[in-house]
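Open the model in a viewer and keep the sequence panel visible. The tour goes from the whole chain to one pair of packed elements.

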Amino acid sequence: MAVTALAALAQETRLSIYRLLVEAGPDGVAAGRIGEVLDVPGATLSFHLKELSRSGLVSARQERQFIYYAADFERMAELMTYLTQNCCKGMPQACLTVVETALGRCCPAPSKTKFRIKRRP
């Protein structure tokens, strides 16, 4: 599982497709729209989507004449869990600290403080 998923993401076009699908969320994106956004020809796009689907990182669904692709967040969570448990020299907390720090830089958590409206006396 891990080798197939990592191999799928190790190619630049597939990584770009996957990032687009992650940003799109669970509803996914129509194949044609993916090709437009990333400027990838149809045959090339089909090849890469097939590889991502085969890895289990992406799912497809058909609605009328369109095929929508979406990132499989559960599968990515499984991959992250595997990497954390098996690739951190027996110290998953060390990897988690690094991941949390990296996530904090790229994806800061929403502020917990609420804006207050000052009322005039």
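Colour the protein chain by secondary structure and read along the sequence: the pattern is α-α-β-α-α-β-β-α-α. That comes to six helices and three strands. Bear in mind throughout that this is a predicted model.

Next, switch on the surface of the whole chain. The accessible surface is about 9,100 Å², and carbon and sulfur atoms hold 57% of that area. Colour by burial instead, and 26% of the 121 residues count as buried. A contact map is useful at this stage: among contacts with a separation of 6 or more, 57% join residues 24 or more positions apart.

Now select residues 2-9, which form helix 1, together with residues 73-86, which form helix 5. Two packed helices are described by the angle between their axes and the distance between the axes. Here the angle is about 110° and the axes lie 10 Å apart. Helix 1 and helix 5 are therefore roughly perpendicular to each other, since an angle from 65 to 115 degrees is classed that way. Rotate the view until one helix lies in front of the other; the crossing of helix 1 over helix 5 is left-handed.

Which residues of the two helices make the contact? Show side chains for Ala2, Ala5, Leu6 and Leu9 on helix 1, then for Met76, Leu79, Tyr82 and Leu83 on helix 5. Colour this selection by residue class to finish: the contact of helix 1 with helix 5 has eight nonpolar residues, with no polar and no charged ones.

Technical notes. Residues numbered from 1 in each chain as written. Predicted model: local features only at pLDDT ≥ 70, side-chain atom pairs only at ≥ 80, totals over all residues. Heavy atoms only, no water. Axes fitted to C-alpha atoms, helices over the stretch in contact; angles between N-to-C directions. Helix = DSSP H or I, 4+ residues; strand = E, 2+ residues; numbered from the N terminus. Parallel < 35°, antiparallel > 145°, perpendicular 65-115°, else oblique. Left-handed = near helix turned anticlockwise from the far one by under 90°. Contact = heavy atoms within 4.5 Å. Nonpolar A, V, L, I, M, F, W, Y, C, P; charged D, E, K, R; others polar. Buried < 20%, exposed > 50% of the residue type's maximum accessible area, 1.4 Å probe, protein only. Areas by Shrake-Rupley, 256 points an atom, 1.4 Å probe, with all protein chains shown as cover.
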